[in-house]
Amino acid sequence: MIHCWLQKYLHEIIDKLYPGSRQRLAQKQSTFSRQEKALWAANIQQPKFSDHGDYATNAALELAAVLHQPPRDIAHAIAQVLKQHDASIANVAVAGAGFVNIHITPILLSKGACQALQQEHNFGRGPQNTCNVLLEFVSTNPTGPLHLGHARGAFVGDALARLLDFAGYNVSREYYINDTGGQIEQLARSIYAHYCQALHRPLPDPSQAYNGPDIQKLGGDIATREGTQWLNKESSEWLQLFGQWGVKHSLASIQNTLRKANIPFDRWFSERSLHENGSLQRALEVYRQKGLLYEAQTTRQANSKKRREDSKAAQHAQQQQGGTFLQTSSFGDEEDRIVLRADGSPAYFLADLAYHADKFARGFHRLINVFGADHVGHVNRLKAGLAAMGLPQQALQCVLVHMVRLVRQGQQARFSKREGNVYLLDDLLDDIGIDAARFAFLMRTPESPFDLDVDLLCQQAMDNPVFYVQYGHARMATLLQRAEQEGLQIDDLHQLSAEVWLKLALPEERELLKAALALPHVIQQAAAATRPHRVLHYAYGLVEQFHSYFTKYRSSERILSEDRELSQARVALVRVVKLALSNSLGMLGIHAPAHMLPKT
């Protein structure tokens, strides 16, 4: 709250002193997400040491690159204007290479606290803007249930959607159903194999079939329902039908699991619909009119391009042999990409381009895809394909999530989808609960690998991070309940006078209040950087700060004492901190319980 006010005020000062400098700074950024972040360039931060000020900014250091002036000269100019705001700013000083340290008045803190209490559940929520964001995530092939490998993308995507919505964006969530192509054909053949086996007519070679229990059961159910009518038939008679049954069955399972995980979607978009409504042909026509297609046996860069033998590109090189290629290399891709195979069938890449063109046609300004890390090579070619179509590639951002290793009893567990040996997302939710699952997958940046220690997350102990944070909230709720029992009013704390707030004289109380009031700034920063884990780190740090304060003074400076006004001020402080914590957790879809008891 105070962060955001100072940020806005700082930007006004910079725009007045150095017109156009922030815009030039933004132009130095290369991707859309960085341009978003540049809107908050020259950030206000809380220094690590309080004697450096309540807040500080490195604006001069950032602006020096575009103004070509010494940072300290810029810092002194900014500080001079800041000093004129005497009502809220107590002191301003230039330090180091060009930092501006800012001390605020207690009155400003008390005003911020009262505003937070008045806003209640809207505290931290950003102003509504006009940016329409389409967030696509999960989007796994409907060939089986969701498992651990899908969990991280699901929870990261959901948290990102919640974060952007809370920050004021117009967010739509979409699941792209890959209901056509080779994976669906393999699914159909797998179901047919198990259908035949259920009728004691096994296929000669079922080794390439999916062998998960869900696929086996579906094959058996079809055998019971359909009887022997599909036995000994040509694949042209049953392949599409068995594929449709498989997609319907798998999609229902996926939807049930996502509902269980409290991960909603606004739309389920079928890839097949793109083939049926002519979207692929329209995309091809755009490229053809631009003269960007050519027919060849290989890409024009084939002779100069060397691939590792174990790379996916090398393994699927035969699919690039002969066909129609799109000149994505002219738009930043490392080589041209095939869009039509030699037999005239469309490559998956063409459908993906048509799908993203459809997103823009529906009026979305910003597209965010949450992909697995194995899609890293797909990002540049997709951006290049959009640029070739004349669409704004900078409006597309891809968040890449890395795989997670499951650890039980200190040992890594190994799985195989083809063998039907997987750890389902349903099982994970049953084992550790939705709060622990969300917390575990949101603690780190999406691109950092980590081990998921199920045993730790099941413990009700302070070394379990989700328990530690939730217990902190419960402790605050208990304190407020006791305050009510002792006759203190906690519903009208937003009307406390500045004189009562001034009773908070301990340095930890001032720092705790500043930390709680930082929530709006944390939300805006995390949304601009598309980093929901920052909100979770904020919540954890806030609880850590509160536990430290409470433990240090629980005997000498009790929150509830005979000093009525001091008790009221400290209860108000607890209420503000609890509000910041519950809003940050709730925004991420994590419960903030009122009661918890540790076992250890």
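1. A quick definition to start: two strands count as paired if DSSP finds at least two bridges between them. Strands (E, at least two residues) and helices (H or I, at least four) are DSSP runs, numbered from the N terminus. With that in hand, strand 5 (residues 132-136) runs parallel to strand 6 (residues 170-177), and five bridges join them. One pairing to look up is Leu135, whose bridge partner in strand 6 is Arg173.

2. Please keep in mind that this is a predicted model, where local features need pLDDT of at least 70, side-chain atom pairs count only at pLDDT 80 or more, and totals for chains, interfaces and linings use all residues. Residues are numbered from 1 along each chain as its sequence is written, and side-chain values use heavy atoms, leaving out hydrogens and water.

3. Now the wider sheet: five strands form an open, parallel-paired sheet in the order 7-6-5-11-12. Strand 7 (267-270) and strand 12 (396-401) are at the edges with a single partner strand each, so one side of each has no neighbour in the sheet.

4. Two helices are worth a look here. Helix 7 (residues 148-167) lies across strands 5, 6, 11 (366-372) and 12, at about 155 degrees to strand 6. Helix 10 (residues 235-260) packs on the sheet and touches strand 6 and strand 7; contact means heavy atoms within 4.5 Å.

5. Elsewhere, strand 9 (residues 323-326) pairs with strand 10 in the antiparallel sense, over four bridges. Here Leu326 has Arg337 of strand 10 as its bridge partner.

6. Strand 10 (residues 337-341) has four of its five residues buried, so it is largely enclosed by the rest of the structure. Buried means under 20% relative accessible area (1.4 Å probe, protein chains only).

Methods: Axes fitted to C-alpha atoms, helices over the stretch in contact; angles between N-to-C directions. Buried < 20%, exposed > 50% of the residue type's maximum accessible area, 1.4 Å probe, protein only.
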